[in-house]
Amino acid sequence: MSELAITVIGRDRPGIVADVAEVLARLGANLTDSTMTRLRGHFAMTLICVGPTAVEVEAALTPLAADGQLLATVRAVTPDGTTTPAGEPYVLAVHGADRMGIVAAMTRVVAESGGNVTDLSTRLAGSLYVVVAELDLPPGSADDLTGRLSGVAADLGVGFSLRPADPDLL
C-alpha cells in the first residue's frame with residue numbers, strides 16, 4: 001500500500017471536501033490525517049491517505065482541477081511508523097497589532113528551545129493579528145520558554161499566553 005500526501009488549493013466553493021473525499025473513497029484510499037481551511041476566500045486542504053498509488057490518485061483528481069479553479073498535487077511519502085510525542089503538549093496564543101515577523105520571531109524561539117510546532121493558525125481581524133499554535137515541548141522547558149517568549153513579545157509589541165494543552169479536547 002502507498003502512503004500519499006495530497007494538497008488541494010483554489011478558490012473556495014461548496015462541495016470541494018465532498019468531491020475530494022468521494023474520489024479517494026472510490027479508489028479505496030483510507031484518510032489517516034487531514035486538515036482543511038478557508039484563507040480569505042481560498043480553499044486549502046492537506047491530507048495523508050493510504051491505499052492507491054500516486055498515479056491512480058492523480059488521474060482520479062484530474063477532473064476536479066480541469067476547469068483551472070483547483071490545483072491538486074499528490075506525492076508518495078514514507079510512512080513514519082508509530083511515533084509517540086517526544087514532549088509535552090502546549091498551546092501558544094499570540095495577539096497584537098498586525099506587523100511583519102510575528103510568526104517568524106515567536107516560532108524561532110520555540111524551535112531554539114527544542115520545541116516543535118505541530119499545528120498553527122493565524123487570523124487577521126481588522127488590525128488585530130492572532131496566532132494559535134499547538135506545540136510539543138521538551139519536558140520541563142515551558143517556564144524557560146515563557147521567559148524567552150516574553151522578551152520577544154515585548155519587542156514585537158504583542159501579548160501571548162503559553163498553557164498546557166487539554167488532552168481531553170480535540
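This report walks through the fold, the salt bridges, one buried acid and one pocket of a predicted model.

**Overall layout**

Let's start with the chain as a whole. There are 170 residues, and 29% of them count as buried. The secondary structure adds up to 4 helices and 8 strands, and reading from the N terminus the order is β-α-β-β-α-β-β-α-β-β-α-β. If you're setting up a box, the C-alpha trace spans about 50 × 40 × 25 Å along its principal axes.

**Salt bridges**

How many salt bridges does the structure hold? The count is 3, and here they are with their N to O distances.

| Positive residue | Negative residue | Closest N to O distance |
|---|---|---|
| Arg-38 | Asp-12 | 3.1 Å |
| Arg-13 | Asp-19 | 3.0 Å |
| Arg-148 | Glu-112 | 3.1 Å |

Take the bridge between Asp-12 and Arg-38. This pair ties together distant parts of the chain, 26 residues apart: Asp-12 sits in the loop between strand E1 (2–11) and helix H1 (16–26), while Arg-38 belongs to strand E2. Asp-12 counts as partly exposed because its relative accessibility is 26%. Arg-38 has a relative accessible area of 48%, so it is partly exposed too, given that exposed means over 50%.

Next up is Arg-13, which pairs with Asp-19. Arg-13 has a relative accessible area of 33%, so it goes down as partly exposed. Asp-19 comes in at 25% relative accessibility and therefore counts as partly exposed.

Then there's the bridge from Arg-148 to Glu-112. It joins two helices, with Arg-148 in H4 (residues 142–156) and Glu-112 in H3 (residues 102–112), and the partners are 36 residues apart along the chain. Arg-148 is partly exposed, since its relative accessible area is 31%.

**Two acids on strand E7**

Which strand holds Asp-136? That would be E7, covering residues 128–137. Asp-136 is one to look at if you care about charge placement: it is buried but has no salt bridge. The nearest side chain of opposite charge belongs to Arg-163, and that is 14 Å away. A salt bridge needs a nitrogen within 4 Å of a carboxyl oxygen. What the Asp-136 side chain does reach is the backbone nitrogen of Glu-88, at 3.5 Å.

Glu-134 lies in strand E7 as well. Its relative accessibility is 40%, so Glu-134 counts as partly exposed. For a distance across the fold, the C-alpha atoms of Glu-134 and Ile-48 are separated by 19 Å, with their positions 86 residues apart along the chain.

**The second largest pocket**

Now for the second largest pocket, which holds about 240 Å³ of space. Which strands each supply at least two residues of its lining? They are E2 (30–39), E3 (42–51) and E6 (116–125). E6 gives the largest share, with 5 residues.

By name, the lining of this pocket consists of Thr-35, Met-36, Thr-37, Leu-39, Ala-44, Met-45, Thr-46, Asp-119, Leu-120, Ser-121, Thr-122 and Arg-123. Sorted by class, that gives 5 nonpolar, 5 polar and 2 charged residues.

Notes: Residues numbered from 1 in each chain as written. Predicted model: local features only at pLDDT ≥ 70, side-chain atom pairs only at ≥ 80, totals over all residues. Heavy atoms only, no water. 1 Å grid on protein atoms, 1.4 Å probe; cavity = no way out; pocket = protein on both sides within 12 Å on 5 of 7 lines; lining within 4 Å. Points joined across faces, edges and corners; volume = space filled by probe spheres on them. Nonpolar A, V, L, I, M, F, W, Y, C, P; charged D, E, K, R; others polar. Buried < 20%, exposed > 50% of the residue type's maximum accessible area, 1.4 Å probe, protein only. Lys, Arg positive; Asp, Glu negative; His and termini not counted. Polar contact = N/O pair within 3.5 Å; in protein donor to acceptor, adjacent residues only side chain to side chain.
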